[in-house]
Amino acid sequence: MGIRGQEQQVGDARLEAATGRSRAAWYTLLDDAGAREWDHARIARWLGGEHDVDAWWAQSVTVGYEQARGLRLPGQSSLGHFEAGVTRTLHATAEQVWPYLGEEDLRSDWLDVDWPLVGATEPRSLRLRGDDGSRVSVLLQAVPPGRDGRAKVRVAVQHTRLPGADAVAETKEFWRACLDRLAAAVGSGS
């Protein structure tokens, strides 16, 4: 499975409905404004400030523009590092999932690696450092209960500072397998 670019992740119809312009229209507008010479933050600020684009959508348009113009590869951050993100929704509360993140013995049952803990904020986030210098953030966020009324929590993993583009797909597969094991440990289907 390759790395999907922004255009593959966010459809043009959805982008146009949210921002009032198609991807092609935004890219032409950005080209005309000289955005090929701007950094990521300036492009996003310009979209928000000059065109009243919501911050999330400004980021989406900016990343897509940078990828389309060869300023950034899919999976690459605006600083040049590569990163991978994976999410999984579990039928549990953050408080039920937290011990599997915060307690080393329980964490080692599903994580399959022994990376140093950099920091934690109970019951919301965990930060780890990979052996290769990469960084991992694991965030827990409550989401509305399902129709059955069961509690749900989203587990979002962001793995940054990967060594290159070829590591992104492999890293995503690694985290999907880890989150499958976490779901099984917690006793949650998704």
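Begin by selecting A167, V168, T171, W175, C178, L179, L182, A183 and V186 in this predicted model, since these are the buried residues of helix α8. Looking down the axis of α8, you will find that these buried residues fall within an arc of 145°, so they line one face of the helix. Now extend the selection to residues 166–186, the whole of α8, whose 21 residues reach 31 Å from the first C-alpha to the last, close to the 30 Å expected at 1.5 Å a residue.

Turn α8 over to the face directed away from its buried side, where the exposed residues D166, E170 and A184 are carried. Returning to the buried side, add what covers it: the covering elements include the strands β1 (82–90), β4 (135–143) and β5 (152–162), together with the helices α6 (94–102) and α7 (104–111). Before leaving this helix, select G187, which stands just after α8 and takes a positive phi of about 85°.

Next, zoom out to the whole chain, which holds eight helices and five strands, and follow the elements from the N terminus in the order α-α-α-α-α-β-α-α-β-β-β-β-α. The C-alpha trace spans about 55 × 40 × 30 Å along its principal axes, and 38% of the 190 residues count as buried. Among contacts between residues at least 6 apart in sequence, 55% join residues at least 24 apart.

Move then to residues 40–51, helix α4, where the twelve residues should span 16 Å at 1.5 Å a residue, in agreement with the 16 Å between its end C-alpha atoms. Within α4, pick out H40, I43, A44, W46 and L47, which are buried; these residues cover an arc of only 155° around the axis, which puts them on the same side of α4. Show α3 (23–33) and α5 as well, because the buried residues of α4 pack against both of these helices. The face of α4 turned away from its buried side carries the exposed residues R45, G49 and E50, and the helix is followed by D52, whose phi is positive, near 55°.

Finally, keep α5 (residues 55–68) displayed and add α2 (residues 12–19): the axes of these two helices come within 11 Å and cross at roughly 135°, which makes α2 oblique to α5. The crossing of α2 and α5 is left-handed. To see the contact itself, show the side chains of R14, L15, A18 and T19 on α2 and those of W56, W57, S60 and V61 on α5, the residues that make it.

Methods
Residues numbered from 1 in each chain as written. Predicted model: local features only at pLDDT ≥ 70, side-chain atom pairs only at ≥ 80, totals over all residues. Heavy atoms only, no water. Helix = DSSP H or I, 4+ residues; strand = E, 2+ residues; numbered from the N terminus. Expected span 1.5 Å × (residues − 1). Buried < 20%, exposed > 50% of the residue type's maximum accessible area, 1.4 Å probe, protein only. Arc of directions from axis to C-beta. Contact = heavy atoms within 4.5 Å. Axes fitted to C-alpha atoms, helices over the stretch in contact; angles between N-to-C directions. Parallel < 35°, antiparallel > 145°, perpendicular 65-115°, else oblique. Left-handed = near helix turned anticlockwise from the far one by under 90°.
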